[in-house]
Amino acid sequence: MNDTMKIEVLSKESIKPSSPTPDNVKTHSLSNLDQIFPPLYVDHLLYYPNLESNGSSLGDGEHGRNMIISASSRRRCDVLKQSLAETLTRYYPLAGRIKDEKSVECNDEGVDYIEARVVGKEVSQVMQLASSDIEVMEPFLPHEPYGGTGSFRRAGLHSNSKALLKIQVNVFGCGGMVICLAYSHKIVDASSFASFVKDWTETARVAAVDKPCYIISSIFPPASFSDQEEKEPAEVQIVPDRIDILTKRFVFKDSSIAKLKKKCINVNANNGSDKQIDKQEHNMQQLPTRFEALTSFIWMCFMDVDLQSKAKQIDDAVSSVNVVSDPNQVQYVASFAINLRTRMIPPLPDNSFGNMTEGTFAEVSRNLTGSNLNSNGFHDQRQNYPELVSKIKDSIKSIDNEHVKAMKSNFAISCNHMKMHQMLKEEAFNDDNKTFLMFSSWCRFPIYEADFGWGKPNWASISKLLYKNCVMFIDTSSGDGIEAWVSLKEEDMVEFERHEELLALVS
């Protein structure tokens, strides 16, 4: 944290629904999908620009300190609290508490709401700091204690409060705000939470809103675990890595992503020269999406770094004993979180409340030797890029209405999230011959439409990712690209950042 910036907590309270939750919905059933998610908090930050006129901004002098925050900022905070209370009457499970493995008690205990004053910086300056070092935002997060006791407190694993939603409104002297929202993944996914934020902002603007749809638990009813053997896969707790992890932001403009898409056309078209025009037309119809193109590229760069590290280890071992090592094979697994709402026939409403996300996987194997590095110290994976795109495309296509039907008929066998949890339980992440990279995306969610009545946010971000080998995609504020937030071990990040192809495409 920059020494010239201070964050002072002004108040802490619980915001309860403005009207009591009716008795007939006092118990909210968790779905089977809810049950398999660990009770970790996911942080989301919205950055609002300077809102005061030149003559009304708060300074750091005696008058400013006595006022604490300006009258106009106070009014905006009051709007946030009042509209939040009204929104919770519709999103009443968020104001409740986890009762047991199958349900939430909608007891109106409320959500944690904190107001804090930021002294010494403006929002634009904080945005600049956070874009290169997201850890500076730690005091802006609504988790106790404030001041940096490490990532475990951000995960909510030892939180004093059992609130399912926590909010901290950070008010600047210039009138700007950074609103941080932390939701429990046990009860909602990113799509469901985006709907909540949308409804909250519309309530603040006194606009018409629709009630959320509580139907997911009827599609995937909660499981009753009769014995330990069945219970363990669903309740495995994903604990953050106890290693040094860095989360870095890489910005890809749409023009860079278009270049990645073109690589698939060029490679595939050359394979069928006799019918090149037809081949290109076919490939144009099969172009990867932005997500598929960028995911394949980052996966490729990640494999370069990992193969480089493993090859060096082999070379060191070989030179020390003066023998020739046989090639080893490494299996690379990429996982992707897929929103099932749009994969069903008919599709579910966007505001279906709860976790409605399924994982899918793509796998490739690579032979590993210490002698096939290029001049820059990396394996040459460029010719494999179209293969990765194809595998990712097929993997994502596999999550369709038929897959949802299979999940309904036999959840434990068909759910890929269950398989991932089982792999984690078996400590696959520690297997030198199997390496995972996990992808998730906030793209296309209306996070930049979050207007409470004083304008849309200039920027939206996450906080530091808690696990190694994770990638989160978010739309750029201008809408002309994607921000990739990548979390790796420190030594891997050093190599990842200097990857030549990556440097050629990031902005």
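Q: Which residue is the bridge partner of Val 330 in strand 11?
A: Happily, the strand pairing gives a good starting point in this predicted model. Strand 10 (residues 328-339) pairs with strand 11 in the antiparallel sense, over twelve bridges. Within strand 11, the partner of Val 330 is Arg 366.

Q: How many of the twelve residues of strand 11 are buried?
A: Let's stay with strand 11, which spans residues 357-368. A residue counts as buried when its relative accessible area is under 20%. Strand 11 is mostly covered, and its count of buried residues is nine.

Q: How many salt bridges does a search of the whole structure find?
A: Now to the charged side chains. The pairs that count join a side-chain nitrogen of Lys or Arg to a carboxyl oxygen of Asp or Glu within 4 Å. Searching the whole structure this way gives a total of 21.

Q: What is the N to O distance in the salt bridge of Asp 78 and Arg 74, and where do the two residues lie?
A: Both residues belong to helix 3 (residues 71-88). Because they are four residues apart there, about one helical turn separates Asp 78 from Arg 74. Their side chains meet in a salt bridge with an N to O distance of 3.3 Å.

Q: Are Asp 78 and Arg 74 buried, partly exposed or exposed?
A: The class between buried and exposed runs from 20% to 50% relative accessible area. Asp 78 has a value of 36%, and Arg 74 has 28%. Both values fall in that range, so Asp 78 and Arg 74 are partly exposed.

Q: How many residues apart in sequence are the parts that Lys 248 and Glu 497 tie together?
A: The side chains of Lys 248 and Glu 497 meet in a salt bridge at 4.0 Å, N to O. Lys 248 sits in strand 9 (residues 245-253), while Glu 497 sits in helix 16 (residues 490-497). Lys 248 is partly exposed at 25%, and Glu 497 is partly exposed at 33%. The pair therefore links parts whose separation in sequence is 249 residues.

Q: Which helix holds both Glu 402 and Lys 405?
A: A salt bridge of 3.5 Å, N to O, joins the side chains of Glu 402 and Lys 405. Lys 405 is partly exposed, with a relative accessible area of 45%. The two residues are three apart, about one turn, and both lie in helix 13 (residues 401-409).

Q: Which residue joins Arg 74 and Asp 78 in one salt-bridge network?
A: Arg 74 and Asp 78 already meet in a salt bridge. Salt bridges with shared partners extend this pair into a network, and the further member is Glu 115.

Terms used: Residues are numbered from 1 along each chain as its sequence is written. This is a predicted model: local features need pLDDT of at least 70, side-chain atom pairs count only at pLDDT 80 or more; totals for chains, interfaces and linings use all residues. Side-chain values use heavy atoms; hydrogens and water are left out. Buried means under 20% relative accessible area, exposed over 50%, partly exposed in between (1.4 Å probe, protein chains only). Two strands pair if DSSP finds at least two bridges between them.
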